[in-house]
Amino acid sequence: MTNHRTGHRTGHRTGHRTGHRTGHRTGHRASSAARRSARPSVDCRRVYEDASPSDGVRVLVDRIWPRGMRKEDAHVDEWLRDVAPSTGLRRWYGHEPSRFPEFRRRYLAELGDPEHRGAAEHLRDLAGEGELTLLTATRDIGHSQAAVLAEWLTENT
């Protein structure tokens with residue numbers, strides 16, 4: 001699916017090129033060394049979209065609970081508020097696409113802060129275990145913290 005406003009693909013697996021997902025399992029359990037060397041399968045989706053059996057673990061990565069969404073309707077396995085951008089960074093960014101490169105740089109720096117580190121490491125562990133879907137309420141997923149996290153997890157897991 002393509003976001004008509006930005007032209008970015010949404011709801012896709014990172015690394016998706018020819019119809020195959022990154023980190024796709026072949027039905028057998030690989031050795032722990034092989035699992036560590038394989039890229040994780042990380043997807044970004046809006047929390048308002050229907051859950052899919054292929055989602056794996058569904059983690060909400062927003063600091064604030066999505067407006068109008070009942071917790072029992074979200075089908076969220078975990079809500080990691082502490083991996084979300086700081087309130088100051090989120091307010092500065094304001095989902096302005098022209099600020100995204102600087103937002104990405106600042107957010108990646110924040111992931112190393114003590115406030116974010118534990119949640120980021122937990123998310124990395126989840127990505128290493130199997131299918132992972134990062135959920136956000138943001139309309140423009142391609143310019144969201146979920147997209148930054150998915151890229152970071154794919155490169156650093």
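# Exercises on salt bridges, burial and strand pairing

At 29% relative accessibility, Glu151 counts as partly exposed, a label for values between buried (under 20% relative accessible area) and exposed (over 50%), found with a 1.4 Å probe on protein chains only. The model is predicted, so local features need pLDDT of at least 70 and side-chain atom pairs count only at pLDDT 80 or more, while totals for chains, interfaces and linings use all residues. Residues are numbered from 1 along each chain as its sequence is written, and side-chain values use heavy atoms, with hydrogens and water left out.

**Exercise 1.** Describe the order of helices and strands in the protein, and state which share of the residues is buried.

*Solution.* Begin with the elements, which are DSSP runs numbered from the N terminus, helices being H or I over at least four residues and strands being E over at least two. The protein has six helices and four strands, and along the sequence they follow the pattern α-β-β-α-β-α-α-α-β-α. Next, take burial: of the 157 residues, 39% count as buried. Finally, consider contacts (heavy atoms within 4.5 Å): among those with a separation of 6 or more, 62% come from residues 24 or more positions apart.

**Exercise 2.** Find the salt-bridge partners of Glu102 and Arg104, and explain which parts of the chain each pair connects.

*Solution.* The criterion is a side-chain nitrogen of Lys or Arg within 4 Å of a carboxyl oxygen of Asp or Glu, and by this rule the count comes to nine salt bridges. Glu102, which is partly exposed at 27% relative accessibility, forms a salt bridge with Arg105, their closest N and O atoms being 2.6 Å apart. Both residues lie in helix α4 (residues 100-110), three residues apart, which is about one turn of the helix. Arg104 instead meets Glu151 through a salt bridge of 2.9 Å, N to O. Because Arg104 sits in helix α4 and Glu151 in helix α6 (residues 145-156), this pair ties together parts that are 47 residues apart in sequence. Salt bridges with shared partners also join Arg45, Glu49, Asp55 and Arg58 into one network.

**Exercise 3.** Locate Ser41, decide whether it is buried or exposed, and identify the residue whose side chain it contacts.

*Solution.* Ser41 is placed in the loop between α1 (32-37) and β1 (42-46). With a relative accessible area of 2%, Ser41 is buried. Its side chain makes a polar contact of 2.8 Å with the side chain of Glu131; the term covers a pair of N or O atoms within 3.5 Å where, within protein, one must be able to donate a hydrogen and the other to accept it, and residues adjacent in sequence count only if both atoms are side-chain atoms.

**Exercise 4.** Work out how strand β1 is enclosed and which strand it is joined to.

*Solution.* Four of the five residues of β1 are buried, so the strand is largely enclosed by the rest of the structure. Five bridges join β1 to strand β4 (residues 132-136), and the two run parallel; strands pair if DSSP finds at least two bridges between them. Cys44, for example, has Leu134 of β4 as its bridge partner.

**Exercise 5.** State what is unusual in the backbone of His75 and His95, neither of which is a glycine, and where each one lies.

*Solution.* His75 has a positive phi of about 55° and is found in the loop between α2 (71-74) and β3 (78-79). His95 likewise has a positive phi of about 55°, and its loop lies between α3 (87-93) and α4. At 37% relative accessibility, His95 counts as partly exposed.
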